[in-house]
Amino acid sequence: MDYPFKRGFKPDLERIEKVLAEEFPVETKRDGEKLLLSYGALNSIEVWIENKRLFVTTKSASGIADDVVLDTNKRYRDFLEGATGYTAKQRLQMAKKEVLK
């Protein structure tokens, strides 16, 4: 998925790395211009910036306890809000507009 940045939220990889570290208390690895990590119900999270948009790919783990899944989902939503400036509701509205185009 890719996400636009709200005005005032710079598409800066160092800033995004700090937001990742705040939400996911694990080691974040750098592979060129991509940030890689694994946390909870997500086997992998890959984050990068391209054309002033935030790109995120994830791979889910299976057979994970419900409380871990809920914690991971909350942290992921909070990361996206901190990184882009848009709430989950705003991101949903923007995605619906894109589909209608």
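# Strands, salt bridges and a core

User: Hi! In this predicted model, how many bridges join strand 3 to strand 4, and do the strands run parallel or antiparallel?

Analyst: Good place to begin! The link between strand 3 and strand 4 is made of five bridges. One example is Y39, which stands opposite L42 in strand 4. As for direction, strand 3 and strand 4 run antiparallel.

User: Which residue in the turn between strand 3 and strand 4 has a positive phi?

Analyst: Follow the chain from strand 3 into strand 4 and you pass through a hairpin with two residues between the strands. In that turn, a positive phi of about 50° belongs to G40.

User: What about strand 4 and strand 5: how many bridges join them?

Analyst: These two strands also run antiparallel. You can look for W48 opposite F55 in strand 5, and for S44 opposite K59 in strand 5. They form a hairpin with two residues between the strands, where N51 takes a positive phi near 50°. The number of bridges joining strand 4 to strand 5 is eight.

User: Which residue in strand 5 is the bridge partner of D2?

Analyst: Strand 1 and strand 5 run antiparallel and are joined by three bridges. Looking across from D2 into strand 5, you find its bridge partner, F55.

User: D2 also has a salt bridge, I think. How far apart are the closest N and O atoms of R53 and D2?

Analyst: R53 is in strand 5 (residues 53-60) and D2 is in strand 1 (residues 2-4), so the pair links distant parts of the chain, 51 residues apart. In space, the two side chains form a salt bridge. The distance between their closest N and O atoms is 2.5 Å.

User: Are R53 and D2 buried, partly exposed or exposed?

Analyst: Buried would need a relative accessible area under 20%, and exposed would need over 50%. R53 has 29% relative accessibility, and D2 has a relative accessible area of 30%. Both values fall between the two cut-offs, so R53 and D2 count as partly exposed.

User: Which residue forms a salt bridge with K34?

Analyst: Start from K34 in strand 3 (residues 34-39) and move 12 residues along the chain, into strand 4 (residues 42-50). The salt bridge there has an N to O distance of 3.0 Å. K34 is partly exposed at 29% relative accessibility, and its partner, partly exposed at 24%, is E46.

User: Which helix holds both D71 and R75?

Analyst: D71 and R75 form a salt bridge, with their closest N and O atoms 3.1 Å apart. The two residues are four apart in sequence, about one turn of the helix. D71 is partly exposed at 28% relative accessibility, and R75 is partly exposed at 22%. The helix that holds both is helix 2 (residues 66-84).

User: How many salt bridges does a search of the whole structure find?

Analyst: The pairs we have met are R53 with D2, K34 with E46, and D71 with R75. There is also a network of salt bridges that links E14, E17 and R30. For the whole structure, the search finds six.

User: Now for the inside. How many residues does the largest nonpolar core have?

Analyst: In soluble globular proteins, nonpolar side chains tend to be buried together. Here, the residues with the most contacts inside the largest core are I16, F24, V47, L54, V56 and F79. Helix 1 (13-23), strand 3, strand 4, strand 5 and helix 2 each give two or more residues to this core. Its size is 19 residues.

User: Which residues of helix 2 or strand 5 can I look for around V47?

Analyst: Set aside the neighbours of V47 within four places in sequence. Among its remaining contacts are I16, L20 and L35. From the part of the chain you asked about, the contacts are L54, F55, V56 and F79.

User: Finally, what is the radius of gyration of the protein chain?

Analyst: The chain has three helices and five strands, in the order β-α-β-β-β-β-α-α. For 101 residues the globule rule gives 13 Å, and the chain's own value is close to that, so it is as compact as a globular protein of that length. The radius of gyration is 14 Å.

Definitions and conventions. Residues numbered from 1 in each chain as written. Predicted model: local features only at pLDDT ≥ 70, side-chain atom pairs only at ≥ 80, totals over all residues. Heavy atoms only, no water. Salt bridge = Lys/Arg side-chain N within 4 Å of Asp/Glu carboxyl O. Buried < 20%, exposed > 50% of the residue type's maximum accessible area, 1.4 Å probe, protein only. Pairing = 2+ DSSP bridges. Core = buried A, V, L, I, M, F, W, Y, C linked by side-chain atoms within 4.5 Å. Contact = heavy atoms within 4.5 Å. Rg over C-alpha atoms; globule rule 2.2 N^0.38 Å.
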